[in-house]
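Biologist: Could you walk me through this one at an easy pace? I would like to understand how its parts are held together.

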Amino acid sequence: MIRRKRPVAGACALLAALTAGLAFPAGAAAGEPTGQDAPKVNLVLDVSGSMRAKDIDGQSRMAAAKQAFNEVLDATPEEVELGIRTLGANYPGDDRKEGCKDTAQLYPVGPLDRTEAKTAVATLVPTGWTPIGPALLKAADDLEGGNGSKRIVLISDGEDTCAPLDPCEVAREIAAKGIGLTIDTLGLVPNVKMSRQLSCIAEATGGTYTSVEHQDELTDRVNELVDRAAEPVVTPVATEGAGSCDKAPTLTSGLYTDREEFGQQRWYRVELLAGQELRASVSVAADRAVRPDYGVLLRAVTVHDREIVRGEATGNGRTDVLSTGLRYPKPERDDDDTDKPAAEVVCLGVTNSFSADSGVKTTPGLPLELTVDVVDGPDGADDVASFGLGRGWWLLGALILTGFLAGLVWGWLSRWRVAVWRTN
C-alpha cells in the first residue's frame, strides 16, 4: 500500500522525515531520542521599517505577524519555555552603527505567561534596521544552559543590513559550538536575495527555510516549529547512498541524512524478515533557488530490480520541502516455504527531479532525510494490503450494497409510476 503526502505551502508536511519527534522501537540503530530538560524556543521577529508594507492579505506585515504570534502563544505546549526577541524595534535613526545594535529581548525565555507575552507583542511598531546577525548571536545566548532541545525561529521580511557581519557566518559559528541549537527561518514576501540568505542561515544549523505570503501560513508554520521543539530530540545519522543497490549501505530502523544532487538517484538496502513490515519515508529540501515543477520518488524494489511499491510527490515551487513514503508488508512463510531464505533484501531508491538555472551550485547535493522503520507486519499481510484497498474493502462492499438497494427502489418506483399513468 502506498502512502502519499501532499506538500502544503509553508508546511513541511515536512514532512515525515523532517519532523524531529519520531519514535523507534527499542534497539534502533539510529536516531535515538536524547535530552531531558525543558525544550526552549526563541522567536526572533524583524520589526524593521519595511514591516509596514501592506501586502499580506490586505494588512501590514507587522499586523500579520502580531496576529500569528497571538495564535501561536495560545497553542504553545505547557512544557515549552518560550521567549521573544526583536530586531529593529527601537532605533528609528539613520546612524547605521547604532541601528545594527538594535536587538532586544521582548519576553525572556522561560515558562510562558500568555497574557504578558501578548501584551509585549502588542506594543511593537515597525521602526528601524535589520540586524539579523547581531540578533542571532544574542538569541543564541538567550538559550544557554540545559541539554533539552533549543530552537530559534527567525521571521524576517528582508536581508541583513549590517554587513560585514554575515548572518550565514554567524549561523555557522553557532553550529560550531555544538550546543544542539537549530535555526529555522521564515521569509515574509521574499525576494531571491533574501531567500538565499535565510536558506543559508537555516542550512548551517540543520534547520528549515519557508517562504510565507499569507498570515495563516505564518501561523501554521510557527506552530509546527514550536510543537517540534516539544517532541523528543532525534539525532539523524549521516549515511551515503550508492548509485546501485548492490553497493548501497544496509540500514536498520532510524533517521538518516544524506545529500542528493539534482536529478540523481540514491540507493539504500534494508533487510526484512517474513512477517515484518517496512515503512519508509523521504524528504528532500530545496535549500537553494530551483525551478518550479519538481518531484520526489521513493521506490522499494527487489535485488533483481522488480518494483514492489512506490511513493511519489510533486511540487510547483510553493513549498521548500517535498516528502513521500511507502509501506511494504512481507508475508509470513508457509510451512512448505522453509527452503526459502527467512530474510529479504529490499532496495530503497530515492530519485528527485529538481533542476536549477545556470549559476546555481549543484554541490553539495540537496539535503535528504530518510526514515526507515521495520515493525511486526499486520495480520493477513500476504494479500499485500488487499490489492491497495487495505481496510477499504468494507466501504467498497457497503457502496455496492447501497447501490443495489437504491436500484431496486428506483425500479419499483418507476414501474409504479408507469402503472399509474396507464390507469389514468
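Modeller: Let me start with Asp357, which has a relative accessibility of 47% and so counts as partly exposed. Please keep in mind throughout that this is a predicted model.

Biologist: Okay, and which residue does Asp357 form a salt bridge with?

Modeller: Its partner is Arg291, and the closest N and O atoms of the two are 2.8 Å apart. Asp357 sits in the loop between strands E17 and E18, while Arg291 sits in the loop between strands E13 and E14, so this pair ties together parts that are 66 residues apart in sequence.

Biologist: Is Arg291 buried, partly exposed or exposed?

Modeller: Arg291 is partly exposed, since its relative accessibility is 38%.

Biologist: How many salt bridges turn up in the whole structure?

Modeller: A search of the whole structure gives 18 salt bridges. Some are linked into a network, which is made up of Arg299, Glu307, Arg310 and Glu312. Another salt bridge joins Glu98 to Lys101, with 3.7 Å between the closest N and O atoms. In that pair Glu98 is partly exposed at a relative accessible area of 35%, whereas Lys101 counts as exposed at 53%.

Biologist: What about Arg85, which residue is it paired with?

Modeller: Arg85 forms a salt bridge with Asp142, and their closest N and O atoms are 2.8 Å apart. Because Asp142 belongs to helix H5 and Arg85 to strand E4, the pair ties together parts that lie 57 residues apart in sequence. The two ends have their own surroundings: Arg85 is buried, with a relative accessible area of 6%, while Asp142 is partly exposed, with 24%.

Biologist: Let's stay with strand E4 then. Why is it described as largely enclosed?

Modeller: Strand E4 covers residues 81-87, and six of its seven residues are buried, so the rest of the structure largely encloses it.

Biologist: Which strands does E4 pair with?

Modeller: Strand E3, residues 40-46, runs parallel to E4 and is joined to it by seven bridges. One partnership you can look for is Asp46 with Leu87 of E4. To get from E3 to E4 the chain passes through helix H2, residues 61-75, and this β-α-β crossover is right-handed. Strand E5, residues 103-110, runs antiparallel to E4, and five bridges join the two. There you can find Thr86 standing opposite Ala104 of E5.

Biologist: And how do side chains point along a strand, in general?

Modeller: In a regular strand they alternate between the two faces of the sheet.

Biologist: New topic: Glu260. Where is it, and is it buried or exposed?

Modeller: Glu260 is found in strand E11, residues 254-260. Glu260 is buried, yet it has no salt bridge, and the nearest side chain of opposite charge, that of Arg266, is 5.5 Å away. A salt bridge needs the nitrogen and the carboxyl oxygen to be within 4 Å.

Biologist: So what polar partners does the side chain of Glu260 have?

Modeller: The side chain of Glu260 makes a polar contact of 2.8 Å with the side chain of Asn352. In addition, the backbone nitrogen of Arg266 lies 3.3 Å from a polar atom of the Glu260 side chain.

Biologist: Which other residues does Glu260 touch?

Modeller: Leaving out residues up to four places away in sequence, the residues that Glu260 touches include Gln265, Val284, Val350, Thr351, Gly365, Leu366 and Leu368.

How values were computed. Residues numbered from 1 in each chain as written. Predicted model: local features only at pLDDT ≥ 70, side-chain atom pairs only at ≥ 80, totals over all residues. Heavy atoms only, no water. Buried < 20%, exposed > 50% of the residue type's maximum accessible area, 1.4 Å probe, protein only. Helix = DSSP H or I, 4+ residues; strand = E, 2+ residues; numbered from the N terminus. Pairing = 2+ DSSP bridges. Right-handed = clockwise from strand over helix to strand, strands pointing away. Lys, Arg positive; Asp, Glu negative; His and termini not counted. Polar contact = N/O pair within 3.5 Å; in protein donor to acceptor, adjacent residues only side chain to side chain. Contact = heavy atoms within 4.5 Å.
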